[in-house]
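Below are my notes on this model, set out as numbered points. They deal with the ligand site and then with the backbone of one loop.

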Amino acid sequence: MTSSAPRIAVLISGEGSNLQALIDATRNGGIHAEIVCVLSNRAAARGLERARRAGIQAQHLGSKDSDRARYDVALTQAVGEHEPSLIVLAGFMQILGPSFLARFGERILNIHPSLLPNYRGLDTHRRVLEAGDPTHGATVHFVTAQLDAGPRVLQYRLDVGPGDTVETLTARVHTGEHIILPRAAAWFVSGRLRLTGSEVMLDGRLLQEPVVVEEQR
Ligand code: GRF
């Protein structure tokens, strides 16, 4: 990878299967960019190990003992050192602060395990099952100060069946996330996708509704 390639920073908190999908995509030509750093707010995040195995600089930046404002500044600085053109939140379970958003706003993408605006927050699969919803999925959206409420880009949609459980939905949604997150990242680094104010532009056109990918079974 040449040093002129777009630079991606990935923030994680756990397993890192979405990070792995991003790493794989940068290797198989799906994303023309370099992942320059992986940061986790949890030391035990398995994704840190995945990053190191892939030769990517991986860092734990704990939030436990520092107050929110200090963590915000520290995270902004740690990510800023890598001069990323895109930041991907791939299962990062920490709310970003104002200094991070001020510095990197309009170039942060997040993956969320629901069809936003439905089911912001945690425990989405259980809540979908309890509500008896016929559909479920995942959303890639730009990050703003409102939790899980930034402009949507891409969704993966699946039909919920009578036999579905939290476990089956977790696995099916993950499969979809691994498709749509690398795709949105590829669009962004190639210049096809942009956030302008609160408007998502794809290929020079205003995206009124997110692009939808249906599950193939
Ligand atoms: C994903 O389901 C993501 O949507 C949610 O956390 C999970 C992270 O999974 N925010 P992984 O760490 O990428 O495997």
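1. The ligand occupies the largest pocket. Please keep in mind that this is a predicted model, so the points below describe computed coordinates.

2. Three elements each give two or more residues to the shell around the ligand: α1 (17–27), β5 (108–112) and α6 (166–189). Both domain 1 (1–104) and domain 2 (113–138 + 154–217) supply at least three residues to this shell.

3. Which residues are around the ligand? Going along the sequence, they are Glu15, Gly16, Ser17, Asn18, Gly91, Ile111, His112, Pro113, His174 and Glu177. By class, the shell holds 2 nonpolar, 6 polar and 2 charged residues.

4. Some of these residues also come up in polar pairs with oxygen of the ligand. For Glu15, a backbone N or O atom is 3.4 Å from a ligand oxygen atom. For Gly16, a polar backbone atom lies 2.8 Å from an oxygen atom of the ligand. Asn18 uses its side chain: a polar atom there is 2.8 Å from a ligand oxygen. As for cover, the ligand on its own has 370 Å² of accessible area, and the protein covers 84% of it.

5. The next remarks concern the backbone. Most peptide bonds are trans, and a negative phi is found in most residues other than glycine. Two places in the model should be read against that background.

6. Where is Pro117 placed? Pro117 belongs to the loop between β5 and α5 (124–131). The peptide bond that leads from Leu116 to Pro117 is cis, and its omega is near 15°.

7. Tyr119 is in the loop between β5 and α5 as well. Its phi is positive, at about 60°, although Tyr119 is not a glycine. The loop between β5 and α5 thus holds Pro117 and Tyr119, and β5 is also one of the elements that give two or more residues to the ligand shell.

Terms used: Residues are numbered from 1 along each chain as its sequence is written. This is a predicted model: local features need pLDDT of at least 70, side-chain atom pairs count only at pLDDT 80 or more; totals for chains, interfaces and linings use all residues. Side-chain values use heavy atoms; hydrogens and water are left out. A residue is near a molecule or strand if one of its heavy atoms lies within 4 Å of it. A polar contact is a pair of N or O atoms within 3.5 Å; within protein, one must be able to donate a hydrogen and the other to accept it, and residues adjacent in sequence count only if both atoms are side-chain atoms. Accessible areas come from the Shrake-Rupley method with a 1.4 Å probe; for residues, only the protein chains shown count as cover. On a 1 Å grid over the protein atoms alone, a cavity is a set of points where a 1.4 Å probe fits but cannot get out, and a pocket is an open set with protein on both sides within 12 Å along at least five of seven lines; lining residues have an atom within 4 Å of a point. A molecule sits in a cavity or pocket if more than half of its atoms lie within 2 Å of its grid points. Helices (H or I, at least four residues) and strands (E, at least two) are DSSP runs, numbered from the N terminus. Ala, Val, Leu, Ile, Met, Phe, Trp, Tyr, Cys and Pro count as nonpolar, Asp, Glu, Lys and Arg as charged, and the others, Gly among them, as polar. Domain bounds come from an automatic or database domain assignment.
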